[in-house]
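Got your viewer open and a selection box ready? Let's walk through it stop by stop.

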Amino acid sequence: MSTRIPSLLEPYLSLPPEASLILLTSVLGASSNWLVIRFIYSALQGQDAPPEQGDTKVLLVSFMRDLNFWKENARRLGLDLDKLATKKRFAFVDGLSGLYLPAQGSAPVRAGQKVLSDPDLTAISKEIQHAIEMYSQDGASRILLVIDQLDLLLATGGDRVSAVEIEEMLMGMREHVHATVLTLSADSSLVSSQQTPLESNHAAALLGVAHTADFIMSLRLLDSGTARDVSGVVRITVGNQESITDQRAGGKMEQKELLYFIGGDGGVKVFERGQ
Amino acid sequence: MSFRKRNVGVAQPGDLSAARAHGDKAPVPGVRPSPLDGRLTTSTGTKSLDALLAGHAGLAMGTSVLIEESGTTDFGAALLRYYAAEGVVQGHNVHVLGMNESWCRELPGLSGVDGAREKEETRSSDERMKIAWRYERLGEFGRSRDRSIPQASRQSSGSHAQSIFCHDFDLSKRLALPTPGQLQFVPAALRQNLDFADSKTELSPFTNFISHLTSQLSSSPTSIHRVIVPNILSPALYHSEASRPENILQFLHALRALLRKYPEELTAMITLPSTLYPRTAGLTRWMELLSDGVLELAPFPSTAIAAKASSGVSTVHEEPPQGMLKIHRLPIFHEKGGGGGESSGFGDDLAFTLSRRKGLVIKPFSLPPVEGDSEAQQGLDGNQGKSTKVDLEF
């Protein structure tokens with residue numbers, strides 16, 4: 001089982017302490033999907049939690065990818081999301097297929113799946129809150145909220161959505177869940193120049209979230225060009241060191257920079273430089 | 001012969017019908033399963049581009065490619081035309097957005113239609129001989145993974161003359177236009193509606209594209225569709241309102257949703273003038289993030305081409321490259337995280353050449369020996385090492 005999660009990343013991927021926020025950043029060509037899948041895997045597969053705390057549940061909100069993509073990649077790790085959905089341990093909020101596409105007919109919505117159809121921020125957060133409530137009814141359970149590419153709302157929202165509103169919405173959702181994993185794009189062209197409203201809003205949101213995050217795992221391509229056996233670099237930056245090491249008995253959080261390689265079969269190798 | 005006998009013996013009636021079912025599914029012209037993971041792919045109409053797409057040997061269905069081109073040339077349009085022509089020849093539905101009917105008059109025709117068909121057949125059978133039997137079967141029945149496919153059914157589906165995945169086109173010929181329904185054009189709303197009543201409803205300039213695509217896709221669910229958007233956001237074609245982030249990004253998001261909704265029917269190819277929308281801008285980056293594949297064409301300045309053409313062609317048999325191609329993202333491959341696709345060419349220096357017969361050929365870039373240098377080198381060789389020593393002393 002431990003082979004599915006790279007051993008060097010194990011301390012970071014295990015279920016985070018309560019109320020923590022983990023930020024994953026990606027760039028074009030170095031996507032964070034494999035890391036998201038492994039967060040979900042370790043949350044749903046790890047059975048070491050004391051029974052009185054109940055099951056860990058995952059609510060995945062994805063604005064760029066559909067459920068089929070996540071299912072296919074989870075299956076490679078031996079995780080059956082359909083089965084987990086019927087057990088009420090996994091739920092999916094689809095922010096892709098209905099957000100800007102006019103609804104046509106009524107597609108059958110399966111258990112544990114919700115399709116967002118109104119791009120308005122309050123409507124979206126209401127839908128997500130509703131999904132969280134549905135899953136926290138039985139009390140003793142911890143919900144891990146995973147939001148994939150929340151920054152899309154900022155980009156497509158135009159003048160109506162500002163960075164502050166995104167952060168407020170995120171804060172509202174964090175109140176109701178155990179911990180949150182968030183992925184954002186951190187391409188230099190989105191962050192560095194800040195000339196257009198799109199860029200400055202994105203930079204503001206990204207920096208705001210980065211400062212509140214407990215730790216950040218940022219993915220990027222190799223600085224020195226491409227290599228056959230390296231897909232990219234993952235840099236782990238720990239925010240508020242004390243709070244997170246207190247609550248975590250196991251591995252100590254360290255700032256690290258590691259290389260990773262993703263094989264054709266979806267397997268991931270993580271190694272230090274020079275190994 | 002013993003293996004065949006065993007095959008017959010093991011094959012159960014259920015298996016046979018399963019193979020039939022796949023056999024019915026396979027003959028969709030122009031679509032074949034990827035050798036990597038069996039997902040359906042279709043050809044871009046450009047062989048060397050098909051080969052680049054991370055080992056899938058074609059553009060995976062349900063994905064899109066964004067082609068950025070700098071400068072005033074339009075090599076991207078050539079790629080789009082091959083993609084459209086391939087779709088027309090294979091009988092796919094082609095939707096051209098933002099253009100009118102005149103665009104399709106310049107689609108390249110099939111090269112050597114009369115005699116070539118036979119030649120193509122023999123060539124493809126030659127190729128079949130070379131490919132290991134196991135992989136060849138994977139190519140046709142990769143999805144089934146069924147060991148007990150009767151040989152007869154395999155051959156019958158192979159003889160369907162639909163084995164051509166990517167045709168050869170000739171730029172100097174014109175494609176005979178197909179039945180009217182197959183090629184469809186949705187012009188961009190150039191002029192904004194000045195009525196006050198309409199401005200309240202805030203119709204995006206791309207709304208008619210999306211409504212066209214949704215109605216077309218839902219009305220013919222089994223056929224294959226190709227979406228082509230030439231020069232998106234170019235001020236010659238689109239109103240400035242279109243390039244507001246909310247409009248264009250919402251369109252691309254909706255297109256992405258459509259691609260995911262019809263993962264076995266739809267592919268899309270878009271070109272973007274990157275001189276007007278540079279890659280350093282946040283808007284362009286979001287357009288790239290919303291596309292599955294991102295390619296950048298960087299043509300050499302025309303003077304360089306002319307100079308090289310005059311000197312290079314006579315001596316070197318190969319045509320000089322006309323520009324560089326950069327791969328920023330590949331469908332499927334980068335969505336998983338990248339890596340593992342050694343044949344992808346991601347990060348390599350690639351050059352492209354557009355020629356009349358071969359179409360757009362992409363190959364690794366290598367600098368030809370500079371004319372003057374080679375003479376100097378020959379001179380040095382003739383004068384032996386001594387003179388070089390003398391030359392070096394000063």
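One bit of vocabulary before the first stop: angles under 35 degrees count as roughly parallel. Also keep in mind that this is a predicted model.

**Stop 1: two helices in chain B**

Select residues 207-219 of chain B, which is helix H9, together with helix H10 of the same chain; their axes come within 10 Å and cross at roughly 10°. H9(B) and H10(B) are therefore roughly parallel to each other. Now turn on side chains. From H9(B), the contact uses B:Phe209, B:Ile210, B:Leu213, B:Thr214 and B:Leu217. H10(B) answers with B:Phe251, B:Ala254, B:Leu255 and B:Leu258. Colour these by class and you get eight nonpolar residues, one polar and no charged ones.

**Stop 2: the nine-stranded sheet**

Stay in chain B and show the strands. Which order do the nine strands of the open sheet take? Reading across, the order is S8-S5-S9-S10-S4-S11-S12-S13-S14, and the pairing is mixed. Go to the edges next: strand S8 (183-186) and strand S14 (359-364) of chain B each have a single partner strand, so one side of each is left without a neighbour in the sheet. Look along the sheet, and neighbouring strands are turned by 25° against each other on average, direction ignored.

For a close-up, pick strand S13 (residues 350-355) of chain B, which pairs with S14(B) in the antiparallel sense over six bridges. Label B:Leu350 and look straight across: B:Pro364 in S14(B) stands opposite.

Now bring the helices back. Helix H10 (residues 245-261) of chain B, familiar from the previous stop, packs on this sheet. H10(B) touches strand S4 (64-69), strand S5 (93-97) and strand S10 (266-273) of chain B, and the helix direction makes about 155° with that of S10(B). Then select helix H11 (residues 282-290) of chain B, which packs on the sheet too. The strands H11(B) touches are S4, S10, strand S11 (293-299) and strand S12 (323-329) of chain B, and its direction makes about 150° with that of S4(B).

**Stop 3: the three-stranded sheet**

Still in chain B, find the open sheet whose three strands run in the order S1-S2-S3, with antiparallel pairing. Its edge strands are S1 (31-33) and S3 (59-60) of chain B, each pairing on one side only. Zoom in on S1(B) and strand S2 (residues 40-42) of chain B: three bridges hold this antiparallel pair. Click B:Arg32 and you'll find B:Thr41 of S2(B) opposite.

**Stop 4: over to chain A**

Select residues 33-45 (helix H2) and 67-76 (helix H3) of chain A. How do these two helices cross? Their axes come within 10 Å, at a crossing angle of roughly 70°. H2(A) and H3(A) are therefore roughly perpendicular to each other, and the crossing is right-handed. On the H2(A) side, the contact is made by A:Asn33, A:Val36 and A:Ile37, while H3(A) brings A:Phe69, A:Trp70, A:Asn73 and A:Ala74. That makes five nonpolar residues, two polar and no charged ones.

Don't leave H3 yet. A:Glu72 and A:Arg76 both sit in this helix of chain A, four residues apart, about one turn of the helix. Their side chains meet in a salt bridge at 3.9 Å, N to O. Side chains of opposite charge can pair when their charged atoms come close. Over all chains, the structure holds 26 salt bridges.

**Stop 5: another helix pair in chain A**

Last selection: helix H5 (residues 121-135) and helix H7 (residues 163-174) of chain A, whose axes come within 10 Å and cross at roughly 15°. That makes H5(A) roughly parallel to H7(A), with a right-handed crossing. Show side chains again, including A:Leu121, A:Ile124 and A:Ile128 of H5(A) and A:Ile166, A:Met169 and A:Met173 of H7(A), which are among the contact residues. By class, this contact has seven nonpolar, three polar and one charged residues.

How values were computed: Residues numbered from 1 in each chain as written. Chains lettered and ligands numbered in written order. Predicted model: local features only at pLDDT ≥ 70, side-chain atom pairs only at ≥ 80, totals over all residues. Heavy atoms only, no water. Axes fitted to C-alpha atoms, helices over the stretch in contact; angles between N-to-C directions. Parallel < 35°, antiparallel > 145°, perpendicular 65-115°, else oblique. Left-handed = near helix turned anticlockwise from the far one by under 90°. Contact = heavy atoms within 4.5 Å. Nonpolar A, V, L, I, M, F, W, Y, C, P; charged D, E, K, R; others polar. Pairing = 2+ DSSP bridges. Salt bridge = Lys/Arg side-chain N within 4 Å of Asp/Glu carboxyl O.
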